[in-house]
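Student: Got a minute to go through this model with me? I'd like to start with the ligand site.

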Amino acid sequence: MSNSPPQDSGRIGTVYLVGAGPGDPDLLTLRAARLLAAAELVVHDGLVDPAIMAMIPAGARLVSVAKSRARHTLQQHEINALLVREALAGHDVIRLKGGDPFVFGRGGEEAEACYAAGVPVQVVPGVSAAMGAAAAAQIPLTHRENASIVSFVAGQCKGLSEQNWAGLAGVGRTLVIYMGVATSEAIAEKLMADGLAPDMPVAVIENAARPSMRVLRGALAGLGALVEEQKVKSPALIVIGEVTARERAQELQKIAETAA
Ligand code: SAH
């Protein structure tokens, strides 16, 4: 192959893009757990729970590409180059990511860098934060009575103001916003300007599927204040839609029945 440097063994390693799920090791796929248990080189980001990191054999080489103020943070193109370099040197690389590699995980960019270099890639799906948070908070993302459409949107992306939010949330649909804590107020205002009712129910799920999980509920108009007053920190998801009020509605109904 023209773009592969000569190697002694001629072996090219495989890059495994592995989803680590939202935190709880029980939510790893069996394939991810098997790969981690046999790993020799793991390139991981900062969202991966310590309990999952503990599944990696002691002798394995660990490379953190987590964002850090203390040291130089690798740019995405440098991470891509690292994966390719290690694979071309004959090493299998476990690229471990929070949630699912192909949902706001830049897995697509890493896979493309590998394709371009002739490096084989395997993708192991993970439980994305939306599914992990929905399960942990018992908020169904779809429900025959409330929602038949679910959208996953990044709250922080190139040009939030240019993002077209019209039609993403409303009656009959659920909107899940990743990376939206810092911009929650602006998002709520934009959605209301697009005609969404100020009393549309919302939930904020912080640290989903981790012992420190918090589930906060409110209405769209109060989303910014809720996030600020409760000092919500990343990682957190915002869910907008009637499904977020179902559990509460049931609770209220139970209370009413008990009182009657
Ligand atoms: N690939 C990941 C998403 C990475 S983007 C996935 O599929 O889940 C990072 C964002 O994911 C965070 O800003 C947050 O919005 C969300 N997130 C990740 N883990 C989370 C968790 N345990 N609880 C709540 N939100 C989480």
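**Ligand site**

Tutor: The ligand sits in the largest pocket. A pocket here is an open set of points on a 1 Å grid over the protein atoms alone, with protein on both sides within 12 Å along at least five of seven lines. Sitting in it means more than half of the molecule's atoms lie within 2 Å of its grid points.

Student: What's the basis?

Tutor: This is a predicted model: local features need pLDDT of at least 70, side-chain atom pairs count only at pLDDT 80 or more, and totals for chains, interfaces and linings use all residues. Numbering runs from 1 along each chain as its sequence is written, and side-chain values use heavy atoms, without hydrogens and water.

Student: How many residues surround the ligand?

Tutor: There are 19, each with a heavy atom within 4 Å. Asp100, Val103, Ser128, Ala129 and Ala236 are the closest.

Student: Which backbone atoms pair with ligand nitrogen?

Tutor: A polar backbone atom of Val103 is 2.7 Å from a ligand nitrogen. For Pro22, a backbone N or O atom lies 3.1 Å from a ligand nitrogen.

Student: And ligand oxygen?

Tutor: A polar backbone atom of Met179 is 2.9 Å from one. The protein covers 93% of the 550 Å² of accessible area the ligand has on its own (Shrake-Rupley, 1.4 Å probe).

Student: New topic. Which peptide bond is cis?

Tutor: Ser234 to Pro235, with omega near 5 degrees. Pro235 is in the loop between α7 (223-229) and β10 (236-240). Helices are DSSP runs (H or I) of at least four residues, strands (E) of at least two.

How values were computed. Polar contact = N/O pair within 3.5 Å; in protein donor to acceptor, adjacent residues only side chain to side chain. 1 Å grid on protein atoms, 1.4 Å probe; cavity = no way out; pocket = protein on both sides within 12 Å on 5 of 7 lines; lining within 4 Å.
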